[in-house]
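Me: I am new to this structure and would like to know what lies behind the labels used for it. Please take me through them one at a time.

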Amino acid sequence: MTEEFLRSSARVAEWIASYRQRMEDFPVLARVEPGETAARLPASPPEAGEGIDEILADLDRIIVPGLTHWNHPGFLAYFSSSSTDPGVLAEFISAALNVNAMLWRTSPAATELEERMVEWIRQFVRLPPAFQGVIQDTASSSSFTALVAARERAVPGVRHRGLVGGEGLEACTLYLSDEAHSSLDKAAMAAGLGLDNVHRVGCDGYFRLDPARLEKALEEDLERGCRPVMVCATIGTTSSTSVDPVAQVAEICRRYGVWLHVDAAYAGPAASLTEKEAEFAGWERADSIVLNPHKWLVTPIDCSVLLYRDPEAFSASLALTPEYLQSHDDAGNLMDIGLAMGRRFRALKLWFVFRSYGAQGLRRMLRRHMELADVFAGWLQEDERFELAAPVPFSTVCFRGNHPTRGTADGLNRRLLDAVNSRGPVFLSATELAGRYTLRLAVGSAHVTEQAVRRAYDLLSEEYDKIRVQDWDAGQG
Ligand code: PLP
């Protein structure tokens, strides 16, 4: 058994090394049609077990062609999620240990390592010691958990009575900017607030929540008899990475007694940099904060840190221990915070990442990513074919191609993105900003290089010129 394991794991390690070497030969974005991978898979499980060599051969033959390669240096879409050796090795060990940290006793070390990793993150992003937290799978789960805690605080006893049919319960409301992530809408659906009670507050010209409009919305809703449950401010919105004025929002939340949640899923790690202090001003006043090491801190997906000041508010909302899980010798049980009972050993990969890079190494990488984004933004600014569509506070650049006569036409930008992505070496994504189709280049992977960013610019230029020659010179532009 041990010999077989050593042989198989050596084969897997070789496979990973070879995949990495071949990485740049693959198009970043998978080139398969829907159903193509499924068609290559046997309809039923094999009757007899197979060896690692056969399985790896099919990994290459069936699975790899259907992958979009998130660890490719040219992956510049969405927000990146990249893994390097420390995270990969920790995931390997985590699967071998297969511990479930639902209760302290079901793996004391997993619980205590998780608590310590949250503390390391807290120090890394320079939040005050009042914060503690847990590691969840995604920011969506973290924000949902925070919303349920805020709901219990706003409507004590709601965990028993529920929101529907309770005595004298008004609508419970959630406040966000137009640019906040859809995971908050989903949280409102799942927590029973309902999408109709999510109040999307407008933004200023730089895609930041407008505090005056937030206050007006709160006033109007209170007058209507609503119960405001939570305000969510975002540091690093998904489309443009804009930063809501958190200090002002925190002050409004204090005055109205409303829970403040800060979604820093992407940008959170940048709080480790003193030069980014202004972007995070006021976030230390939040009741809860989410940031994802699996986005901009080279930790393999899934790893989202939920930080909060008042653990009681969380256990009051979701802690529930049936008799078969009762024990008297337990310290704090992580399953008390959040919906999931079973919990993966996520802290291990964060521990490996911190120890391998060191806080200094991580900060160096974040700075490098922001430099690369600035370099790319600089090329666009010097090029009349393009324009920036939003400020660049972190490592993501929003931009558009300019049509010579029609300004930044949506059609042109759609074609440009499709053309660039179909070339293979890079993958960019798009969004809508101020009602206009906008391209995005997001730096944030451990594997990104200046060459990859340059390649993106060169391909954008080439494809732009091709469209110009095809259409505009033919008078159809
Ligand atoms: N919040 C923000 C600002 C995001 O950009 C994203 C995803 O990109 C999320 C939340 C959701 O993250 P997750 O996939 O971890 O749920």
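Me: What makes the space taken by the ligand stand out among the pockets?

Reply: In this predicted model, the space that the ligand takes is the largest pocket. Its volume is about 1,100 Å³. A ligand is said to sit in a pocket if more than half of its atoms lie within 2 Å of the grid points.

Me: Which elements give two or more residues to the shell around the ligand?

Reply: Helix H6 (139-154) and helix H11 (293-296) do so. The shell holds 13 residues, and Ala 139, Ser 140, Thr 238, Asp 263 and Asn 292 are the closest. A residue counts as near if one of its heavy atoms lies within 4 Å.

Me: How do you know that Ala 139 makes a polar contact with the ligand?

Reply: The pair must consist of N or O atoms within 3.5 Å. A backbone N or O atom of Ala 139 lies 2.8 Å from a ligand oxygen, so the pair meets the cut-off. For Asn 292, a side-chain N or O atom is 2.8 Å from an oxygen atom of the ligand. His 294 has a polar side-chain atom 3.5 Å from a ligand oxygen.

Me: How much of the ligand does the protein cover?

Reply: On its own the ligand has 400 Å² of accessible area, and the protein covers 86% of that.

Me: What classes of residue make up the shell around the ligand?

Reply: The shell has 8 polar, 3 nonpolar and 2 charged residues. Glycine is counted as polar here.

Me: What lines the largest pocket?

Reply: The lining has 42 residues, and those nearest the centre of the pocket are Trp 70, Asn 71, Ser 81, Ser 82 and Ile 301. By class they are 18 nonpolar, 19 polar and 5 charged. Helix H1 (2-22), H6, H11 and strand S10 (429-433) each supply at least two of the lining residues. H1 gives the most, with 5 residues.

Me: What is the peptide bond from Ile 301 to Asp 302, cis or trans?

Reply: The bond is cis, with omega near 10 degrees. Asp 302 belongs to the loop between H11 and strand S7 (304-308).

Me: What is noted about the phi of Asn 98?

Reply: Asn 98 is not a glycine, yet its phi is positive, at about 50 degrees. Asn 98 is in the loop between helix H4 (85-97) and helix H5 (108-124).

Technical notes. Residues are numbered from 1 along each chain as its sequence is written. This is a predicted model: local features need pLDDT of at least 70, side-chain atom pairs count only at pLDDT 80 or more; totals for chains, interfaces and linings use all residues. Side-chain values use heavy atoms; hydrogens and water are left out. A polar contact is a pair of N or O atoms within 3.5 Å; within protein, one must be able to donate a hydrogen and the other to accept it, and residues adjacent in sequence count only if both atoms are side-chain atoms. Accessible areas come from the Shrake-Rupley method with a 1.4 Å probe; for residues, only the protein chains shown count as cover. On a 1 Å grid over the protein atoms alone, a cavity is a set of points where a 1.4 Å probe fits but cannot get out, and a pocket is an open set with protein on both sides within 12 Å along at least five of seven lines; lining residues have an atom within 4 Å of a point. Helices (H or I, at least four residues) and strands (E, at least two) are DSSP runs, numbered from the N terminus. Grid points are joined across faces, edges and corners, and a volume is the space filled by probe spheres set on the points.
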